[in-house]
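Dear colleague,

Please find below the structure that I am handing over to you. My notes on what was found in it follow directly after it.

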Amino acid sequence: MTPQGIAERMWQMTDTREDPGIAQRPLTILIVDDHPSTVETVSDVVEEMGHLSIGVHSAEDAMRTLAQEDIDVVLTDLVLTGESGLRLLELIKADHSDIPA
């Protein structure tokens, strides 16, 4: 999926215009991709939607960030340099089962 496709899907998932009674707080979203331009594009859209973004470029950096920050959602590329995105998802499920990834 392209960065724009990811951004559009996120917009659909968090759009509360149809039910304005939903109280929504800004989410902190960790974006993991080894392509800086993808991290930047997705981060821009996340922030335009009123959420906070933290971008990192490896699974290792993602795990360090998860240990230090209060993250609500993780968006990761599956093909990363070093540990794969699939391996990152396995680690998140094992160590941070409360985080949707």
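S53 counts as buried, because its relative accessibility is 16% and the cut-off for buried is under 20%. Please keep in mind throughout that this is a predicted model. S53 belongs to strand 2, which covers residues 52-56. Its side chain takes part in two contacts that may interest you. In one of them, the side chains of S53 and E47 are joined by a polar contact of 2.6 Å. In the other, the side chain of S53 makes a polar contact with the side chain of S43, at 3.4 Å.

E47 deserves a description of its own. This residue is part of helix 2, residues 36-48. With a relative accessible area of 44%, E47 is partly exposed, whereas its contact partner S53 is buried. E47 also belongs to a patch of negative charge on the surface, where it gathers with E40, D44 and E48.

As to the overall architecture, the secondary structure of the chain consists of four helices and three strands. Read from the N terminus, these elements follow the order α-β-α-β-α-β-α. The chain has 101 residues, of which 36% count as buried.

I turn next to the loop between strand 2 and helix 3. Helix 3 spans residues 59-68, and S58 lies in the loop that connects it with strand 2. H57 is found in this loop as well. Are these two loop residues buried or exposed? S58 is buried, with a relative accessible area of 13%, so it falls under the 20% cut-off. H57, by contrast, counts as partly exposed at 36% relative accessibility. Each of the two can also be placed relative to a residue further along the chain. The C-alpha atoms of S58 and G85 are separated by 8.5 Å, and these residues are 27 residues apart along the chain. For H57 and D77, which are 20 residues apart along the chain, the C-alpha atoms are separated by 9.6 Å.

The charged side chains come next. How many salt bridges does the structure hold? There are three salt bridges in the structure.

One of them is formed by R64 and D61, with the closest N and O atoms 2.3 Å apart. The two residues are three residues apart in helix 3, so about one helical turn separates them. R64 is partly exposed, with a relative accessible area of 48%. D61 is partly exposed too, with a relative accessible area of 28%.

R87 takes part in salt bridges with E83 and with E90. Between R87 and E83, the distance from N to O is 4.0 Å. Between R87 and E90, the closest N and O atoms are 3.2 Å apart. Both R87 and E90 lie in helix 4, where they are three residues apart, about one turn of the helix. Through salt bridges that share partners, E83, R87 and E90 are joined into one network. How accessible are the members of this network? R87 counts as partly exposed at 35% relative accessibility. E83 is partly exposed, with a relative accessible area of 34%, and E90 counts as partly exposed at 48%.

Finally, there is a nonpolar patch on the surface. L78, V79 and L86 make up this patch, which covers about 300 Å². V79 is located in the loop between strand 3 (73-76) and helix 4 (85-95). With a relative accessible area of 63%, V79 is exposed, because exposed means over 50%.

To recapitulate the surface features, the negative patch is formed by E40, D44, E47 and E48, and the nonpolar patch by L78, V79 and L86. Of the residues in the negative patch, E47 is also joined to S53 by a polar contact between their side chains.

With kind regards

Conventions:
Residues numbered from 1 in each chain as written. Predicted model: local features only at pLDDT ≥ 70, side-chain atom pairs only at ≥ 80, totals over all residues. Heavy atoms only, no water. Patch = residues over 30% accessible without salt bridge, like charges linked within 9 Å, V, L, I, M, F, W, Y side chains within 5 Å. Areas by Shrake-Rupley, 256 points an atom, 1.4 Å probe, with all protein chains shown as cover. Lys, Arg positive; Asp, Glu negative; His and termini not counted. Charge placed at Lys NZ, Arg CZ, Asp CG, Glu CD. Buried < 20%, exposed > 50% of the residue type's maximum accessible area, 1.4 Å probe, protein only. Polar contact = N/O pair within 3.5 Å; in protein donor to acceptor, adjacent residues only side chain to side chain.
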